[in-house]
Amino acid sequence: MKILFIDDDPKLHIVIDLWLSKNGHHVENAYNGKEALERLEKEYFDGLITDINMPLFNGIELVKTALHLPDPPKLIVVLTSRCDIPQLVHEINSAKVHLFSKPFSPAALAELIEQLAAQKANI
C-alpha cells in the first residue's frame, strides 16, 4: 500500500516508516495537515495515517476533507492522545476512520494496518 503518514514529530516518521516499510508498504510523509491535503489533492494514497493535534490544519479537518475527495484513501487511521474518543468519533462521523490511541507500539500499529488492508482487499 502507498501510505501518507502525517505527524509533526520527525522522529515518529522514522519509526513508522521503518515498521510499515518492513511489511512492504511505501510510506510518504507530511508534517502538518495543510501539506498533507496538498499531497492528497495531487496524488492517490491507499492509506492515510494522521495525528490529530498538528499545526496549520488539524487531523480532524484533514480527515473530513480527505473523505470528500473524488478518490479518498481506502484506509484512514487517526492517532490521538486525547481521552475524549467518543467525541472524536462524533466529530469525524465515518465508519471508514479508525482511531488509534497514543502512545502506541509501532508493531501494534503495523498489525492494525495489515488487518485493515486485508479487510479492504476482501470488500
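Two strands pair if DSSP finds at least two bridges between them. I'm jotting that down first, since my notes start with strands. I also remind myself that this is a predicted model.

**Entry 1: strand E3 and its partners**

I looked up Ile-49 and found that its bridge partner in E4 is Val-77. On the E1 side, I found Phe-5 standing opposite Ile-49 of E3. How many bridges join E1 to E3? I get four, with the two strands running parallel. For E3 and E4 I get five bridges, and that pairing is parallel too. I then followed the chain from E3 through H3 to E4, and this β-α-β crossover comes out right-handed.

**Entry 2: is E3 buried or exposed?**

I checked strand E3, residues 47–51, and five of its five residues are buried, so the strand is largely enclosed by the rest of the structure. Which residues lie on each side? I have Gly-47, Ile-49 and Asp-51 on one face, and Leu-48 and Thr-50 on the other. Both faces are covered.

**Entry 3: Leu-48 and the core**

I picked Leu-48 out of E3 and listed its contacts, leaving aside neighbours within four places in sequence. The list includes Leu-4, Ile-6, Leu-40 and Leu-62. It also has Ala-66, Pro-73, Leu-75, Ile-76 and Val-77.

Next I turned to the largest nonpolar core, which has 21 residues. Which members touch the most other members? They are Leu-4, Ile-6, Leu-40, Leu-48 and Leu-62. I noted the elements that give two or more residues to this core: strand E1 (2–6), helix H2 (33–42), helix H3 (59–67) and strand E4 (75–80). The largest share, five residues, comes from H3. I also came across a second, separate core of 17 residues, with Leu-75, Phe-104, Leu-109 and Ala-110 among them. My aside on the general picture: in soluble globular proteins, nonpolar side chains tend to be buried together.

**Entry 4: Ala-66**

I went to helix H3 for this one, as that is where Ala-66 is found. Why do I call Ala-66 buried? Its relative accessible area is 0%, and buried means under 20%. What does Ala-66 touch, not counting residues up to four places away in sequence? I find Leu-40, Leu-48, Pro-72 and Pro-73. For Leu-40 I looked up the spacing as well: Ala-66 and Leu-40 are 26 residues apart in sequence and 7.3 Å apart in space, C-alpha to C-alpha. The contact with Leu-48 takes me back to my list for that residue, where Ala-66 appears too.

Key. Residues numbered from 1 in each chain as written. Predicted model: local features only at pLDDT ≥ 70, side-chain atom pairs only at ≥ 80, totals over all residues. Heavy atoms only, no water. Core = buried A, V, L, I, M, F, W, Y, C linked by side-chain atoms within 4.5 Å. Buried < 20%, exposed > 50% of the residue type's maximum accessible area, 1.4 Å probe, protein only. Contact = heavy atoms within 4.5 Å. Right-handed = clockwise from strand over helix to strand, strands pointing away.
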